[in-house]
Amino acid sequence: MSLKPQALLVMNSGTFADQFDSTRLERLSEMVDLGDQPWTDSLDAPELTGRLEEVEILLTSWGVPQLNAGRLERMPKLRAVFHCAGTVRSFVSEELWDRGITVTNGADANAIPVAEFTFASIVLAGKKAHVLANDARTHREDWSYIGDRGELGNIGRVVGVVGFSRIGRRVVQLVQQLQDVTCLVSDPHADPLDVAAAGGKLVTLEELLPVSDVVTIHAPALPETRNMISTAQLSAMKDHATLINTARGSLVDTEALEKECATGRITALLDVTEPEPLPAGSTLYDLPNVIITPHIAGSLGTETRRMSDAALDDLERYLAGKDLLAQVVHEDLGLSA
């Protein structure tokens, strides 16, 4: 009988294929016993009873069902869950925390492509590239519209970062590559010294909005942050400013955004919306100053393997009795994604 702990991968089939190629499965097999069935997309099948009774470790990702009391009862030996994706909110339960089960996530790894996508969007926003590309479809052979979207360029810009999260922090650091940039940060929970060390200056949201050329949102989706950007906040933004949302659609009041963007005064780059996707009749689809992408900023395709690697790194540390790098603590969920 194997002395390695019994482990099981729980995620949908597409995610399993993307995140666990032969190289990663081989590395995982060196640390744990995956048995005859290494992967499942369900924890409810009767034929899994014997397997689940012995499982000590789960590796999870998109498609994992909630680990509620009933499912946990089927896994009496479970002691750790290594999540190969971002937030764990969709599957953790009070019963899981009550059992003292260790939980990690891949949020730090997932922050990398989101921050990269955001920085690229900031640079393109400085040139109004997306909006001018839309304008070209209307103006065709006449390029006189190039000055209609405000001053172009990325020198001396003010970038406002709303939320000094793991992604927000990376964005602050990345924008330092721009010449003569001023990076303002709004986050009631951030330490001003930490913000300054990253290259930003901590201010209130009311101070940030009217002076920022670009406002990028990186706050968690919590009851208190719902519609945190609404009519008053959008009205406070300067003319020709750009709002970027790669966080959660619920942070921006969709109706207020439709009304403000319809004036043509500001630009919106939306990778997330509320609802998601927007209904077909939303006016945001038809506005040239609004760019909508289908939630692509986070880890996709080969990028998802970075989160698998992070989970495997922490699993290795866990089995060696070392401190974990990406452990999720129940009390911290109130302030994180």
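1. Two strands are taken as paired if DSSP finds at least two bridges between them, and helices (H or I, at least four residues) and strands (E, at least two) are DSSP runs numbered from the N terminus. The model is predicted, so local features need pLDDT of at least 70 and side-chain atom pairs count only at pLDDT 80 or more, while totals for chains, interfaces and linings use all residues. Residues are numbered from 1 along each chain as its sequence is written, and side-chain values use heavy atoms, with hydrogens and water left out.

2. On these terms, five strands make up an open sheet with parallel pairing, in the order β2-β1-β3-β4-β5. Strands β2 (39-40) and β5 (102-104) stand at its edges with a single partner strand each, so one side of each is left without a neighbour in the sheet. Within this sheet, β1 (residues 7-10) and β3 (residues 57-60) run parallel and are joined by four bridges, and L8 has L58 of β3 as its bridge partner.

3. Helix α13 (residues 304-319) packs on that sheet, where it touches β3, β4 (80-83) and β5, contact meaning heavy atoms within 4.5 Å. The direction of α13 makes about 155 degrees with that of β4; axes here are lines fitted to C-alpha atoms, for helices over the stretch in contact, and angles run from 0 to 180 degrees between N-to-C directions.

4. A second point of interest is the open sheet of seven strands, again with parallel pairing, whose order is β8-β7-β6-β9-β10-β11-β12. Its edges are held by β8 (201-202) and β12 (290-292), and since each has a single partner strand, one side of each is left without a neighbour in the sheet. Helix α7 (residues 129-139) packs on this sheet by touching β11 (267-270) and β12, its direction making about 105 degrees with that of β12.

5. Strand β10 (residues 242-245) is covered on both faces, with T242 and I244 on one side and L243 and N245 on the other all buried, that is, under 20% relative accessible area with a 1.4 Å probe and protein chains only. Four bridges join β10 to the parallel strand β9 (residues 214-217), T216 having I244 as its bridge partner, and four bridges also join β10 to β11, likewise parallel.

6. On connectivity, β9, helix α11 (residues 231-236) and β10 make a right-handed β-α-β unit, where right-handed requires that, with the strands pointing away from the viewer, the path from the first strand over the helix to the second runs clockwise. The chain then crosses from β10 through helix α12 (residues 254-262) to β11, and this β-α-β crossover is right-handed.

Notes:
Buried means under 20% relative accessible area, exposed over 50%, partly exposed in between (1.4 Å probe, protein chains only).
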